[in-house]
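Please open the model in a viewer and keep the selection tool at hand. The tour below proceeds stop by stop, with a selection to make at each one.

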Amino acid sequence: MIITDKYSFHGEISVPGDKSISHRSIMFGAISDGITTVSNFLQGADCLSTISCFQKMGICIENSAGQVRIQGKGLHGLRAPSGILDVGNSGTTTRLISGILAGQPFESFLDGDDSIRKRPMKRIFTPLSQMGAEFSSFRPDVFPDKLLPADSGCAPFSVRGGRLNGIHYQSPVASAQVKSAVLLAGLYAEGETSVTEPVLSRNHTELMLSGFGADVTSNGRTATIRPQPKLEGQDIHVPGDISSAAYFIALGLLTPNSEILIKNVGVNPTRDGIIKAALSMGGKLSLLDERTVSGEPVADILVQSSSLHGIQIGGEIIPTLIDEIPILAVMAAFASGVTTIRDAQELKVKESDRIAVITENLRAMGGSVTPADDGMSIEGGKPLHGAQIRTHLDHRAAMAFTVAGLNAPGETTLDDRKCASISYPSFYDDILSLAD
Ligand code: S3P
């Protein structure tokens, strides 16, 4: 595929359902009593991995015509999986499911792709082991062909669940995946379980679990759960994913003579950092028809071509836009002045090392980037040109640099465009639908 800067973009678009919320709807539906239905479920590869893991544990899940129906078997209805649980590329599947598996009276084995095998799992092994689960990241009896160091702290790994005790966990990282794993294990623990984060991360688990009838409360950076005898199946409508909308926000702002209305986007304040960042860069962006759907704030977002300037970000905003930093970096490269991103060391342990991948590709396009251990500085306004982009099979790099290529003279090519389907299977069709 060749990407050029020959277009402007107009019209209306609905981005697919939120990835974080889609994962959770399957997991919570599976361990609830009765039926859960999910509309606008994200049909991306990551969320399909979550479905297949729960099917392997005996949960009947029908997925057709954008509607998912889960026959929940209650908190204690999962059966030992028939084989290894394949989490694919999905960190959310791996870490959240581990919280549930920690409370099951059987042993499970998890594995995923090359990227998942490099991602840190000790961050969940530590608290879940304190609660009473047993993890082992090297099992030669089960994975004889894998040359992993003993106790690598990565997938593949096994989890033996059982009786758990509640803990009060001070998480060293602002990670909704860690927080959610501990809260889910807390459903099975004796007594109260709480997690305090250094900075508040996305709160979809707290919101949705409480909708399913769990006793969850939030107080600042601390979320607390007390076990309940059961959860009740729900009807969930998944809002559009702000992380996917972010590419169209950038496309509309960066491309001359463009105006895009992005419909039905989740704008939860623990996720809306990209909106705040775009506004403070001088972007013409407005939220229309703000409403609440299935307990989540939703709005339509109107964006128009703008002249952007650089900003400084760090601290509390970072977890609210952590997945949007690749596209924010692209926006920064086209903006005037310097943009500095700090406190974002988590970028190094995402689907790829995103500090390295952003730096490599922006430099290939002629951009000026200085990487740091916890972020980067980008000197905007350098004339960018088309280039060969190396995605490192990271869906967010593929989409962010597609938007860059659509605004840079010359031809841009991606070494792999298919990885976008991890979170946005119709991304390229949706871009084309807006192109004039
Ligand atoms: C997610 C949380 C974030 C995010 C990921 C999805 C979730 O990860 O990067 O894409 O659904 O909870 P961390 O919580 O580990 O930062």
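Begin by selecting helix 9 (residues 325-334) together with helix 10, which pack at an angle of about 30 degrees with their axes 10 Å apart. Helices here are DSSP runs of H or I with at least four residues, strands are runs of E with at least two, and both are numbered from the N terminus. The axes are lines fitted to C-alpha atoms, for helices over the stretch in contact, and angles run from 0 to 180 degrees between N-to-C directions. Helix 9 and helix 10 are therefore roughly parallel to each other, a term for angles under 35 degrees (over 145 is roughly antiparallel, 65 to 115 roughly perpendicular and the rest oblique). Helix 9 passes helix 10 in a right-handed crossing, meaning that the near helix is turned clockwise from the far one by less than a right angle.

Show the side chains of this pair next. Ile-325, Pro-326, Ala-329 and Ala-333 of helix 9 meet Arg-354, Ile-358 and Leu-362 of helix 10, where contact means heavy atoms within 4.5 Å. By class, this contact has six nonpolar residues, no polar ones and one charged; Ala, Val, Leu, Ile, Met, Phe, Trp, Tyr, Cys and Pro count as nonpolar, Asp, Glu, Lys and Arg as charged, and the others, Gly among them, as polar.

A word on the model itself: it is predicted, local features need pLDDT of at least 70, side-chain atom pairs count only at pLDDT 80 or more, and totals for chains, interfaces and linings use all residues. Residues are numbered from 1 along each chain as its sequence is written, and side-chain values use heavy atoms, with hydrogens and water left out.

Keep helix 10 (residues 354-364) selected and add helix 11 (residues 395-405): this pair packs at about 30 degrees, with axes 11 Å apart. The crossing of helix 10 and helix 11 is right-handed. On helix 10 the contact involves Arg-354, Val-357, Ile-358, Asn-361 and Leu-362, and on helix 11 His-395, Arg-396, Ala-397 and Phe-401. Five of the residues in this contact are nonpolar, two polar and two charged.

Move now to helix 1 (residues 19-30) and helix 3 (residues 91-101), whose axes lie 11 Å apart at an angle of about 30 degrees. Helix 1 passes helix 3 in a right-handed crossing. Lys-19, His-23, Arg-24 and Met-27 of helix 1 touch Thr-92, Thr-93, Leu-96, Ile-97 and Ile-100 of helix 3.

Which residues are around the ligand? Select Lys-19, Ser-20, Arg-24, Thr-92, Ser-175, Ala-176, Gln-177, Arg-202, Ile-322, Asp-323 and Lys-350, each having a heavy atom within 4 Å of the ligand. An oxygen atom of the ligand is 2.6 Å from an N or O atom in the side chain of Asp-323. A polar side-chain atom of Lys-350 lies 2.7 Å from a ligand oxygen atom, and a polar backbone atom of Gln-177 is 3.1 Å from an oxygen atom of the ligand.

Two backbone details complete the tour. Select Pro-156, in the loop between strand 8 (134-136) and strand 9 (157-160); the peptide bond from Ala-155 to Pro-156 is cis, with omega near 0 degrees. Finally, go to Asp-289 in strand 18 (residues 284-293), where phi is positive at about 50 degrees although Asp-289 is not a glycine.

Note on methods:
Polar contact = N/O pair within 3.5 Å; in protein donor to acceptor, adjacent residues only side chain to side chain.
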